[in-house]
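Let's take a friendly walk through one protein fold, helix by helix and residue by residue. Have the 3D view open and follow along.

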Amino acid sequence: MSKGNDLVEPKQVDIVYETDQPIRYEVIDHVAWVTMTRPTFNNAQNGQMTYALDDAFNRAVKDDDVRVIVLAGEGKHFSAGHDIGTPGRDLHHEFDKRLMLAPHTNKPGAELLYTREQEQYLGMCRRWRDIPKPTIAMVQGACIAGGLMLAWVCDLIVASEDAFFQDPVNPLMGIPGVEYFAHGFELPTRVAKEFLLLGERMSAERAHSFGMVNKVVPREELREATAAWAAKLAANPRLGNWLTKQSINHVEELRGKRSAMDAVFHMHHFAHAHNDLVTGDSIVGVSGKSAAATNKKQQAGEG
Ligand code: ZN
């Protein structure tokens, strides 16, 4: 009886990266522009991109010339969410972990995904949310599921009128929302329930109405509006910016953000494990393509 301690051979899966630079990093007038560059796949976030993001944020934090960080996505959409089906999906690839965690690819059963998501989703997002410089997410088009996590870790969100937000993982996979469970903090209670239970798209305008988004501008003014705020923040006292963002982050902690996320992360993984037991796949075989198709149908009210 192994009592679950046995290690397994890492699964060999072909990974084809379409680029070796999924993130572009530029510093313009004390602002680091961190841009996701997988527009062919609507900036679907694979591990390669996650670690490149972490590198970029780290670089921006360590560079004293950088005073503000903007997170952007190249192309039509900000982010289609976590990579669940491109040739560059690298679930079974081991990256050098940034948190104090063991390898995931040689772990059996639910331990593999639990370890990977502790690091790549929950852990990384918490780390980025606490970056000691102000951050702005610049969002256009889709900001779906994993994409929400990237926007939510930023201090401010500037969106274009065509932006929309969505977490469809309950309707699609029976999972209560994405791993970085900030829903109860980003959205008023009943709106959060609607958002999660129905999984429908939410317009930038509606998100702005209750404060999830700070500013909504026409698509062609998005970069300019973001750069204008970044310039203002860059002119502020450096330590003041850090303390000010931390003060609100601390209030969120007093309201239980970390504990709520920990609790829901475990429900999230109970749901992954349940899916695996029942269907043999932790995300019930949903791929990026099938998710988009189901989503389209649901959006059109065809069930
Ligand atoms: Zn997950």
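Start with helices α1 and α2, which pack at an angle of about 30° with their axes 11 Å apart. Keep in mind that what you're looking at is a predicted model. With that angle, α1 counts as roughly parallel to α2, and the crossing of the pair is left-handed. On the α1 side, the contact is made by Gly 47, Thr 50, Tyr 51, Leu 53, Asp 54, Phe 57 and Asn 58. Facing them from α2 are Arg 116, Glu 119, Gln 120, Met 124, Arg 127 and Trp 128. Sort the residues of this contact by class and you get five nonpolar, four polar and four charged.

Now pick out Trp 128, which sits in helix α2. Is it buried or exposed? Trp 128 counts as buried, because its relative accessibility is 2% and the cut-off is under 20%. Setting aside neighbours within four places in sequence, Trp 128 is in contact with Thr 50, Leu 53, Asp 54, Phe 57, Leu 150 and Val 153. You can also look from Trp 128 to Leu 71: they are 57 residues apart in sequence, and their C-alpha atoms are 11 Å apart in space.

Helix α2 (residues 111-129) has another partner, helix α10 (residues 257-279). Their axes come within 11 Å and cross at roughly 155°, which makes α2 roughly antiparallel to α10. This crossing is right-handed. From α2, the contact uses Leu 113, Tyr 114, Glu 117, Gln 118, Leu 122, Arg 126 and Arg 129. From α10 come Lys 257, Arg 258, Met 261, Asp 262, Phe 265, His 266, His 268, His 269 and His 272. The contact of α2 with α10 divides into five nonpolar, five polar and six charged residues.

Next up is the inside of the fold. How many residues does the largest nonpolar core have? The number is 66, and the residues with the most contacts inside that core are Val 34, Leu 53, Leu 71, Val 139, Trp 152, Phe 165 and Tyr 180. Helix α1 (residues 47-62) supplies the largest share of this core, seven residues. Apart from this core lies another one, of 14 residues, among them Val 70, Ala 72, Leu 222 and Leu 233.

Let's zoom in on Trp 152. Not counting neighbours within four places in sequence, Trp 152 is in contact with Ile 157, Tyr 180, Ala 182, His 183, Glu 186, Leu 187, Phe 195 and Met 212.

Here are some other residues to click on, with their places and how much of each is accessible.

| Residue | Place | Relative accessible area |
|---|---|---|
| Pro 10 | segment before β1 (23-28) | 31%, partly exposed |
| Asp 29 | loop between β1 and β2 (31-36) | 64%, exposed |
| Asn 43 | loop between β2 and α1 | 0%, buried |
| His 82 | loop between β3 (68-73) and α2 | 14%, buried |
| Ile 248 | helix α9 (residues 238-254) | 54%, exposed |

A couple of these have a backbone angle worth checking. Most residues other than glycine have a negative phi. Asp 29, though, has a positive phi, near 45°. Asn 43 has a positive phi too, of about 60°, and is not a glycine either.

What does His 82 touch, once residues up to four places away in sequence are left out? The list is Gln 45, Tyr 121, Gly 146, Met 149 and Glu 179.

Finally, try two pairs that set sequence against space. Pro 10 and Thr 105 are 95 residues apart along the chain, yet their C-alpha atoms are separated by 5.1 Å. Leaving aside neighbours within four places in sequence, Pro 10 is in contact with Thr 105 and Asn 106. Ile 248 and His 272, on the other hand, are 24 residues apart in sequence and 32 Å apart in space, C-alpha to C-alpha.

Conventions
Residues numbered from 1 in each chain as written. Predicted model: local features only at pLDDT ≥ 70, side-chain atom pairs only at ≥ 80, totals over all residues. Heavy atoms only, no water. Core = buried A, V, L, I, M, F, W, Y, C linked by side-chain atoms within 4.5 Å. Buried < 20%, exposed > 50% of the residue type's maximum accessible area, 1.4 Å probe, protein only. Helix = DSSP H or I, 4+ residues; strand = E, 2+ residues; numbered from the N terminus. Contact = heavy atoms within 4.5 Å. Axes fitted to C-alpha atoms, helices over the stretch in contact; angles between N-to-C directions. Parallel < 35°, antiparallel > 145°, perpendicular 65-115°, else oblique. Left-handed = near helix turned anticlockwise from the far one by under 90°. Nonpolar A, V, L, I, M, F, W, Y, C, P; charged D, E, K, R; others polar.
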